[in-house]
Amino acid sequence: MCGVFGYVGDPVDLGDRLLSGLQTLEYRGYDSWGIALARDQAIAVDKRIGRIAGVSTALSGSDIGFGHTRWATHGGVTEPNAHPHLDCSGRLAIVHNGIIENHRDLRAELLARGHAFRSATDSEVVAHLLEEQVGQGRNLASAVANVFARLQGLNAIVAMDVVSRQLVATKHVSPLVAGSVDRGAYIASDALALRPHLDQVVYLEDGQLALMDRAGLRVVDRATLQWIEPARVTLDRNLDDARLGDHPHFMAKEMAEQPAVLERLVIHQRPQIEAMAEAVGSTPTTLIGCGTALNAALTGRYLFARIAGAGVDVVAASEFASFAPLLRPDGMVLALSQSGETVDVLEAVKAAESYGARLGAIVNTPHSSLDRLVDLRVLLGAGPEQCVLATKSYTAKVATLLLLAHAVRGSYAEGAALVVRAAEALARMLEPGSVAEIQQLANRIHSSDHLFVIGRGLAYPSALEAALKIKEVSYIHAEGFASGELKHGVIALVSDGTPCLVYAPADETRADVLSGAAELKSRGAFIVGIGPEPDPIFDIHLAVPETGDASPIVNALPAQLLGYHTALLRGNDPDRPRNLAKSVTVK
Ligand code: F6R
């Protein structure tokens with residue numbers, strides 16, 4: 001997690017520039033932030049707890065500096081624990097993303113040699129280790145290479161030296177992207193922050209080291225320090241899709257974008273989906289993902305069974321290690337991810353590679369680590385998703401899986417028609433009248449402590465996703481269940497007035513789900529039915545248009561809207577829920 005943004009070059013109003021770069025990256029972590037820049041031969045630092053939005057800094061002009069937004073792992077959320085961290089001499093500063101697994105041993109060693117620590121973080125060891133290397137006469141590049149070799153774990157670091165006026169960065173798994181400008185360079189943990197400044201960027205690979213100064217960016221091999229000509233990627237500098245526009249929150253913007261995302265997907269992604277269908281159709285396939293992406297994968301399992309008559313395995317990426325040895329040599333692992341940087345997904349894909357599996361991805365972020373790792377990909381083309389909650393990337397993943405299942409069966413056009421129908425349905429459901437019904441429901445449930453969601457068959461993963469969406473943004477305890485499992489224990493949780501969302505699509509599961517709803521209602525539950533048809537058992541009916549196998553797409557929106565409006569009523573920030581970060585780059 002954590003966001004990094006740095007600059008070296010002609011003197012600019014760097015304090016403000018660092019803050020605005022970090023603000024773009026705040027989705028990566030937002031418990032605290034800090035910036036450091038050179039003032040002559042000293043480093044000036046400004047660190048604070050809380051969000052960056054609306055703050056200003058007294059730090060202004062400089063030719064070199066960097067900043068960091070933090071998602072705490074080691075050490076509480078305090079100003080001293082916010083990055084950047086300085087060495088004892090005040091010549092060097094570092095920012096870090098990841099977890100240094102052997103930090104205790106390194107800290108003990110450094111303390112024994114007389115270093116003074118100012119924070120409780122794992123990261124600060126890097127500053128002091130560098131101090132020793134530079135003190136022994138090494139230049140910053142070789143100092144960083146030597147220090148990085150001592151760190152265990154998945155890490156990215158950027159170091160600044162006010163004497164040589166250089167930034168040096170390197171990484172293992174955690175992402176870093178950099179680029180040159182006239183007489184200078186930028187670095188960040190996501191290209192989004194670089195779009196206002198650069199046309200072309202370099203995605204740093206593991207084992208590479210980026211050296212940035214007024215000569216621009218150079219990339220060297222970390223082991224040999226030999227110069228490398230890195231691959232350069234041209235950035236799409238259309239910034240509109242990253243801006244909030246008239247929307248009150250990114251979550252509102254991203255929910256509203258769903259119809260357009262799906263309509264684009266059906267047309268533009270067809271060649272990629274058909275290429276992937278050829279591989280998936282002839283290969284035992286395992287879908288992996290985390291959180292919402294895992295819920296999309298579970299939906300995909302039902303879609304494959306229903307549409308293509310094919311079985312696919314689904315495994316949480318974080319649990320994949322137990323199953324990787326079972327992969328068949330002709331097997332395929334298809335990873336689902338919005339960011340393409342989720343570390344559990346990347347580790348699982350690497351494990352699959354080591355067992356010889358074919359690697360594919362359904363991923364939203366072009367050039368992300370996942371995109372670069374796999375042989376076959378479908379890029380969702382949903383545009384940047386900046387709210388921490390996945391909304392448009394979820395419906396785009398489900399649509400892709402539906403199209404993929406149809407492509408395997410040889411009926412892409414049929415799948416495309418369904419997705420377009422779902423997109424049109426979403427557009428109608430986003431109209432003010434429909435949204436007002438959900439706002440009323442939010443008023444009814446926002447002070448509840450618990451909420452349950454049930455579904456069966458294709459709607460079961462929808463229930464899991466609905467519960468996840470509601471709980472992560474409203475902080476109401478919400479659980480999704482297969483409705484058939486109710487009688488096996490779950491029903492003990494239901495009491496008078498407990499809100500229960502019931503997915504009742506117009507398919508073969510409807511009668512059984514309604515029986516489940518009746519059992520809940522007779523224990524006092526307040527039943528919210530979500531489906532095309534009303535039923536007397538429902539206390540409230542949220543109508544969703546009938547869309548056949550595309551029902552998981554339309555089923556997602558009422559829960560997204562309910563989570564959003566409930567969060568607002570409870571005074572929560574929907575874009576930055578507590579304890580979460582958008583890009584989960586630590587284990
Ligand atoms: C929930 C949510 C998370 C992500 C999960 C995986 O709204 O956003 O559960 O789905 O962290 O992230 P990606 O898709 O980037 O791999």
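In this predicted model, a polar side-chain atom of Ser-339 lies 2.7 Å from an oxygen atom of the ligand. Two further residues make contacts of this kind with a ligand oxygen atom, Val-388 through a polar backbone atom and Lys-469 through an N or O atom in its side chain; the distances are set out below.

| Residue | Atom of the residue | Distance to an oxygen atom of the ligand |
|---|---|---|
| Ser-339 | polar side-chain atom | 2.7 Å |
| Val-388 | polar backbone atom | 3.3 Å |
| Lys-469 | N or O atom in the side chain | 2.8 Å |

On its own the ligand has 410 Å² of accessible area, and the protein covers 91% of it. Around the ligand there are 15 residues, of which Ser-337, Gln-338, Ser-339, Thr-342 and Glu-472 come nearest.

A separate part of the description concerns helix 13. This helix runs over residues 432–445, which makes 14 residues, and from its first C-alpha to its last it reaches 20 Å, close to the 20 Å expected at 1.5 Å a residue. Its buried residues include Val-435, Ile-438, Leu-441, Ala-442 and Ile-445, and, seen down the axis of helix 13, the buried residues fall within an arc of 110°, so they line one face of the helix. An α-helix has 3.6 residues a turn, so residues three or four places apart point the same way. Pro-432, Gly-433 and Gln-440, by contrast, are exposed on the other side of helix 13.

Among the elements that cover the buried residues of helix 13 are two helices, helix 12 (412–429) and helix 16 (551–569), together with strand 21 (450–455), strand 23 (499–503), strand 24 (526–531) and strand 25 (540–543).

Note on methods:
Residues numbered from 1 in each chain as written. Predicted model: local features only at pLDDT ≥ 70, side-chain atom pairs only at ≥ 80, totals over all residues. Heavy atoms only, no water. Helix = DSSP H or I, 4+ residues; strand = E, 2+ residues; numbered from the N terminus. Expected span 1.5 Å × (residues − 1). Buried < 20%, exposed > 50% of the residue type's maximum accessible area, 1.4 Å probe, protein only. Arc of directions from axis to C-beta. Contact = heavy atoms within 4.5 Å. Near = heavy atom within 4 Å. Polar contact = N/O pair within 3.5 Å; in protein donor to acceptor, adjacent residues only side chain to side chain. Areas by Shrake-Rupley, 256 points an atom, 1.4 Å probe, with all protein chains shown as cover.
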